[in-house]
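Welcome to a set of exercises on reading a protein structure. Keep the model open beside you, try each task on your own, and then follow the solution one step at a time.

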Amino acid sequence: MANYKEHASDNINVLYDVKRCIHAAECVRGLPQVFDVKRKPWIDPNAATPDAIAAVVMKCPSGALQFERRDGGAPEPIPAINTVKPIANGPLNVQGKLEILTPNGEVIITDTRMTLCRCGASKNKPFCDNSHTKAGFKDGGALGADVTKTSESPDKEKALKITPSNNGPLVLRGPVELVGANAKNSYKCDRAFLCRCGASKNKPFCDGAHKQIGFTDNFV
């Protein structure tokens, strides 16, 4: 599913997947001399140090930007905690040791940063493509009633496995902390079902509303 275009220098390779970009503009604000949308090509990996470029790329919430060090520098570290945070009126911001699986259990994407659709309108599911703005999706990002599944001793070293179920919710398996947009409440668990149709009355959790509205999406 990834379709990265490479922008390489002798010291660092910057990769960009336009379909995953949500235009958070962290790159443009962080290093405008490297990331300039008025220029073609818009990424110049020679315009800053590899350390500076890597630091800014890691601020990209969607994972649309990635880097590969060619100078022996350190790769992107994997966050110690897997987290899922609903963005107010927007997608799920997901960070950690992440895997996207097909409903058949095949791992097709591994990453540390993702923004996943929760409005139901994205044309690039399970990723956000900013369709929530046109769809008028509204949700403050607070956590609804806790309907998560918690084990007695979750293994914190495990990846968070995310499966977009056919015509249904995102199924999360593995250690994860769900954090409200206002950061005032959170749930720790190792299994959860999150709404991706936009209609749940208990967001970000699924409440079965996808069946009532006829939500359809067969992932892979």
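## Exercise 1: The overall fold

In this protein, residues 24 or more positions apart account for 57% of the contacts with a separation of 6 or more. The model you are looking at is predicted.

**Task.** Find how many helices and strands there are in the protein, and which pattern they follow along the sequence.

**Solution.**
- Step 1. Count the elements: there are four helices and nine strands.
- Step 2. Read them in sequence order, and the pattern is β-β-α-α-β-β-β-β-α-β-β-β-α.
- Step 3. Look at the radius of gyration: it is 18 Å, close to the 17 Å that the globule rule gives for 220 residues, so the protein is as compact as a globular protein of that length.
- Step 4. Picture a box along the principal axes: the C-alpha atoms fill roughly 50 × 40 × 35 Å.
- Step 5. Turn to burial: 50% of the 220 residues count as buried.

## Exercise 2: One side of a helix

**Task.** Work out which residues of helix H2 (residues 50-57) are buried, and what covers them.

**Solution.**
- Step 1. Pick out the residues with under 20% relative accessible area, the cut-off for buried. In H2 these are Pro 50, Ile 53, Ala 54, Val 56 and Val 57.
- Step 2. Look around the helix axis: these residues cover an arc of only 165°, which means that they sit on the same side of H2.
- Step 3. Search for the cover over these residues, which includes strand E2 (12-16), H1, strand E3 (65-69) and strand E6 (107-116).

## Exercise 3: The largest pocket

**Task.** Describe the largest pocket: what volume does it have, and how do the residues of its lining divide into nonpolar, polar and charged?

**Solution.**
- Step 1. Start with the volume of the largest pocket, about 310 Å³.
- Step 2. Go to its centre: of the 19 lining residues, Tyr 16, Cys 21, His 23, Cys 27 and Trp 42 are the closest to it.
- Step 3. Sort the lining by type, which gives 14 nonpolar residues, three polar and two charged.
- Step 4. Check the elements: helix H1 (residues 26-30) gives the most to this lining, with three residues.

## Exercise 4: Unusual backbone angles

**Task.** Locate the cis peptide bonds at Pro 41 and Pro 204, then find where Ala 25 and Asn 89 lie.

**Solution.**
- Step 1. Recall the background: most residues other than glycine have a negative phi, and most peptide bonds are trans.
- Step 2. Take the bond between Lys 40 and Pro 41, which is cis with omega about -10°. Pro 41 belongs to the loop between H1 and H2.
- Step 3. Move on to Lys 203 and Pro 204, where the peptide bond is also cis, with omega near 5°. You will find Pro 204 in the loop between strand E9 (186-194) and helix H4 (209-213).
- Step 4. Turn to Ala 25, which is not a glycine and yet has a positive phi of about 70°. Ala 25 lies in the loop between E2 and H1, and its 28% relative accessibility makes it partly exposed.
- Step 5. Finish with Asn 89, a non-glycine residue whose phi is positive, about 60°. Asn 89 is in the loop between strand E4 (83-86) and strand E5 (92-101), and counts as partly exposed at 32% relative accessibility.

## Exercise 5: Pro 169 and its partners

**Task.** Is Pro 169 buried or exposed, and which residues does it touch beyond four places away in sequence?

**Solution.**
- Step 1. Place the residue: Pro 169 is in the loop between strand E7 (160-164) and strand E8 (170-179).
- Step 2. Compare its relative accessible area of 9% with the cut-off: buried means under 20%, so Pro 169 is buried.
- Step 3. List the contacts of Pro 169, which are Thr 163, Pro 164, Phe 193, Leu 194, Arg 196, Cys 206 and His 210.
- Step 4. Follow one of these partners, His 210, into helix H4. His 210 is buried too, with a relative accessible area of 10%.
- Step 5. Check from the other end: beyond four places in sequence, His 210 is in contact with Asn 167, Gly 168, Pro 169, Cys 197 and Phe 215.
- Step 6. Compare sequence with space: Pro 169 and Phe 205 are 36 residues apart in sequence, and their C-alpha atoms are 8.5 Å apart.

Key
Residues numbered from 1 in each chain as written. Predicted model: local features only at pLDDT ≥ 70, side-chain atom pairs only at ≥ 80, totals over all residues. Heavy atoms only, no water. 1 Å grid on protein atoms, 1.4 Å probe; cavity = no way out; pocket = protein on both sides within 12 Å on 5 of 7 lines; lining within 4 Å. Points joined across faces, edges and corners; volume = space filled by probe spheres on them. Helix = DSSP H or I, 4+ residues; strand = E, 2+ residues; numbered from the N terminus. Nonpolar A, V, L, I, M, F, W, Y, C, P; charged D, E, K, R; others polar. Buried < 20%, exposed > 50% of the residue type's maximum accessible area, 1.4 Å probe, protein only. Contact = heavy atoms within 4.5 Å. Arc of directions from axis to C-beta. Rg over C-alpha atoms; globule rule 2.2 N^0.38 Å.
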